[in-house]
Every structure is written in structure tokens, then in C-alpha cells.
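Me: Could you take me on a close look at the ligand site in this structure? I'd like one connected walk through the residues around the ligand and the parts of the chain they belong to.

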Amino acid sequence: MADFRLAVAPMVDRTDRHFRFMVRQISQGVRLYTEMTVDQAVLKGNRERLLAFRPEEHPIALQLAGRDPETLAEAARIGEAFGYDEINLNLGCPSEKAQEGGYGACLLADLGRVREILKAMGEAVRVPVTVKMRLGLEGRETYRGLAASVEAMAEVGVRVFLVHARSALLALSTEANRKIPPLRHEWVHRLKEDFPQLTFVTNGGIRSLEEALFHLKRVDGAMLGRAVYEDPFVLEEADRKVYGLPRKPSRLEVARRMRAYLEEEVLKGTPPWAVLRHMLNLFRGRPKGRVWRRLLGEGRSLEALDRALRLMEEEVGEEGEKEKPGPKGQAEAAPGLACEGV
Ligand SMILES: Cc1cc2nc3c(=O)[nH]c(=O)nc-3n(C[C@H](O)[C@H](O)[C@H](O)COP(=O)(O)O)c2cc1C
């Protein structure tokens with residue numbers, strides 16, 4: 001059985017292959033998810049660009065969205081052929097676009113279709129087909145309704161449920177939908193008690209490894225999204241505390257590894273900023289962390305990364321990473337960057 005103990009949530013415009021590669025340098029064990037990818041894009045788009053990933057990214061899941069059993073099954077087959085370890089169906093996206101396309105959270109209102117989709121996907125591939133779902137719709141969720149949905153999906157072969165432990169309110173923006181509906185992790189805990197043979201991963205508002213460990217005592221896994229993007233080193237102790245691996249990389253080690261990665265990517269034609277933008281928070285809350293951000297954000301080049309690395313090596317060093325930031329570190333000027341929601 002695959003290991004679902006810790007996962008980084010799928011996030012559009014965040015969990016692309018560059019960010020995932022960086023996270024993998026911090027934790028060998030954590031499970032990674034792609035951004036949500038619509039089935040039609042897989043069928044008709046540039047597959048190499050959409051689906052390619054590096055072998056280091058395993059274990060990695062492809063998250064698909066759609067509403068047609070046949071096209072989703074075909075997209076799942078293509079994903080499996082690309083080497084993904086899991087195909088995940090999005091049943092949680094509340095965006096207007098998703099509602100117009102009839103996919104994401106709104107599918108929770110049509111369990112019959114969800115079952116058809118999951119059956120077709122399950123028959124198309126050998127890797128696990130999993131779902132990422134909300135507790136229900138429009139704040140009308142009940143534990144009984146949630147358990148019935150799980151049972152209905154389990155009947156067509158789904159064994160793994162990643163649950164963003166809130167309702168989806170379809171009239172609200174996606175951002176509001178990640179804050180306003182109340183979190184009910186205890187319902188996911190209860191699902192595990194009621195269906196011990198199934199795998200449950202809880203998600204939503206988990207800010208630290210300690211919080212994740214709390215959930216791990218009750219369910220099979222914890223999935224973190226924003227906390228990892230905002231401070232990737234939230235996973236610093238994941239390998240040691242969760243997977244029993246001794247490895248604990250320093251921020252500087254990760255930054256140097258990313259430098260080599262960026263160099264390779266630039267040679268393949270990747271714009272440096274596509275990688276660098278995900279590295280802005282690497283030294284978050286650490287001495288000179290804001291200068292790091294500013295140097296990367298202003299320079300947006302391999303040379304800028306070199307300058308930033310030199311500064312961290314000279315002024316902070318490997319040891320400095322362990323220091324708590326002093327008042328000087330805090331007072332450094334904030335960069336005037338418009339970095340998408342970081
Ligand atoms: C920028 C952003 C993009 C997201 N994109 C997706 C997505 O593609 N697929 C998905 O299932 N959830 C998506 N989500 C929701 C997250 O996977 C997760 O369920 C949610 O953020 C709650 O977890 P968190 O509090 O740990 O961030 C996204 C969230 C954010 C912040």
C-alpha cells in the first residue's frame with residue numbers, strides 16, 4: 001500500500017514541477033501532487049509540457065478534473081503511461097470556471113456520475129485512483145451524507161480519500177472557500193473509525209508538522225498546501241519524524257541544489273523566473289531572508305541567485321540557519337514585489 005502519511009496539496013500556479021522538485025530536496029518521503037489538470041488539456045494539449053516530471057519527484061500523483069467518464073479514463077491512462085504513481089480526481093474545486101465546466105466540487109451533487117467516472121478511471125489504470133473532495137456542498141453537509149458519499153465511491157473501487165475538511169460554498173470565490181466554511185477535521189477522523197479498511201487523508205488549515213502529527217494519530221495522512229508554499233521548510237523535520245530517515249538538509253544545501261537545477265533548466269529553455277519564483281520563501285523568517293527574496297525578485301536570473309547565495313554563505317552560513325532571526329533580521333526592508341499570493 002502506498003504511503004499517504006504526508007502530502008503537499010495540489011495547487012494551481014504553485015505545485016508545478018519546479019516547486020515540486022524543490023520540495024523533494026527538503027523531504028524524500030512527502031507525497032506530491034500536480035496542479036489540477038483538466039482532462040481535455042491532457043487529451044488535446046502539449047502533453048510533454050503538461051505532464052513531464054523528473055524521476056526524483058516520485059511518489060507523485062496527477063490530479064485530473066473533468067466530468068466525462070471516457071475522457072477522464074483516457075487522461076488517466078495517459079497519466080499512468082507518463083509514470084504517475086496515482087491518479088487523483090478533483091471533487092473540490094469551487095471556482096466559477098469549474099462550475100461552468102461541470103467539474104470539481106459541483107460533481108458532489110451528482111454521485112451517480114462520480115461513480116461512473118471513478119469506475120471508468122479505475123478500469124483504465126493499474127495505479128490507485130483516488131479522490132480529493134470537500135465535506136459537502138453549500139454548508140448543508142452532514143456526517144451521514146459524507147459517509148454515504150464515501151461508501152458510494154468505495155463501492156466502485158476507490159480506497160483513498162483526501163478530504164479538504166470543509167464544505168464548498170459555490171457562490172463564494174475560491175479564496176473565500178479556503179477560509180470561510182468551517183473546518184471539521186473531526187469528521188475525517190470519524191470516517192477512519194467507521195471505515196477502517198479505507199485510507200483517509202485530512203486537509204485544510206494545517207500549519208505545522210506538529211499539527212500534521214496530531215492528525216496522523218487519527219487518520220492515515222495529513223495534506224498541507226499553503227503552509228508549505230509560504231514556508232517550504234515547514235517540512236524540515238518530515239523525513240526524520242515521519243519516515244525515520246536521518247536526512248535533514250539545510251536551506252543552503254537546498255538552495256545550492258536548486259542552483260544546479262536552474263542551470264540545467266535554463267539550458268532547456270526554461271525562463272529563470274519560472275524556478276526562482278518558487279524559491280522566494282526558502283529562507284522565510286531566517287536572518288537575511290528578506291534580502292534573499294529581494295535579490296531574487298529584482299534580478300530574476302541565475303546571476304541574481306548566485307549573488308543571493310554568496311550573501312547567505314558569507315553573512316549567515318550553514319550555522320546561522322539555526323539562529324532565531326533577531327530584531328535586525330525582522331526590520332529589513334520588505335521587497336516591493338508583487339509575487340502572486342506568496
Ligand atoms: C493557490 C491555490 C491553488 C489551489 N489549487 C488546487 C488544485 O489545483 N486542486 C485542488 O484539489 N485543490 C487546490 N487548492 C486547494 C488546496 O489543495 C487545499 O485543499 C487547500 O488550500 C486547503 O489546504 P491548506 O489550508 O493546507 O492550504 C488550491 C489552493 C491554493 C491556495
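**Around the ligand**

Reply: Happy to. In this predicted model, the ligand is surrounded by 17 residues, and Pro10, Gln63, Asn203, Gly205 and Arg226 are the closest of them.

Let's begin with the polar atoms. The side chain of Gln63 places an N or O atom 2.7 Å from a nitrogen atom of the ligand. Two backbones come in as well: a backbone N or O atom of Gly225 is 2.8 Å from a ligand oxygen atom, and a polar backbone atom of Met36 is 3.1 Å from an oxygen atom of the ligand. On its own the ligand has 600 Å² of accessible area, and the protein covers 91% of that.

Now for the record. An unreviewed UniProt entry carries a "binding site" annotation for Pro10, Met11, Val12, Gln63, Lys132, His164, Asn203, Gly204, Gly205, Gly225 and Arg226. The lining of the largest pocket includes Pro10, Met11, Val12, Gln63, Lys132, His164, Asn203, Gly204, Gly205, Gly225 and Arg226. The same unreviewed entry type also gives a "domain: DUS-like FMN-binding" annotation, covering residues 8-304. Over that stretch the chain is 44% helix and 13% strand, with its end C-alpha atoms 28 Å apart.

Two of the annotated residues deserve a slower look. Val12 sits in a loop, the one linking strand E1 (6-8) to helix H1 (17-26). Val12 has a relative accessible area of 52%, so it counts as exposed, the cut-off being over 50%. Leaving aside neighbours within four places in sequence, Val12 is in contact with Glu35 and Met36; Met36 is also the residue whose polar backbone atom is 3.1 Å from a ligand oxygen.

His164 belongs to strand E7, which spans residues 160-164. With a relative accessibility of 7%, His164 is buried, because that value is under 20%. Not counting residues up to four places away in sequence, His164 touches Met133, Arg134, Leu135, Asn177, Arg178, Asn203 and Gly204. Among these, Asn203 and Gly204 are themselves in the UniProt "binding site" annotation, and Asn203 is one of the residues closest to the ligand.

Finally, follow the Val12 loop onward to helix H1. H1 is mostly covered, with 9 of its 10 residues buried. The buried ones are His18, Phe19, Arg20, Phe21, Met22, Val23, Arg24, Gln25 and Ile26. The loop before H1 therefore holds an exposed residue, Val12, while the helix itself is mostly covered.

Note on methods:
Residues are numbered from 1 along each chain as its sequence is written. This is a predicted model: local features need pLDDT of at least 70, side-chain atom pairs count only at pLDDT 80 or more; totals for chains, interfaces and linings use all residues. Side-chain values use heavy atoms; hydrogens and water are left out. UniProt positions are given in the numbering used here, feature names are shortened, and annotations may be inferred rather than shown by experiment. On a 1 Å grid over the protein atoms alone, a cavity is a set of points where a 1.4 Å probe fits but cannot get out, and a pocket is an open set with protein on both sides within 12 Å along at least five of seven lines; lining residues have an atom within 4 Å of a point. Helices (H or I, at least four residues) and strands (E, at least two) are DSSP runs, numbered from the N terminus. Buried means under 20% relative accessible area, exposed over 50%, partly exposed in between (1.4 Å probe, protein chains only). Contact means heavy atoms within 4.5 Å. A residue is near a molecule or strand if one of its heavy atoms lies within 4 Å of it. A polar contact is a pair of N or O atoms within 3.5 Å; within protein, one must be able to donate a hydrogen and the other to accept it, and residues adjacent in sequence count only if both atoms are side-chain atoms. Accessible areas come from the Shrake-Rupley method with a 1.4 Å probe; for residues, only the protein chains shown count as cover.
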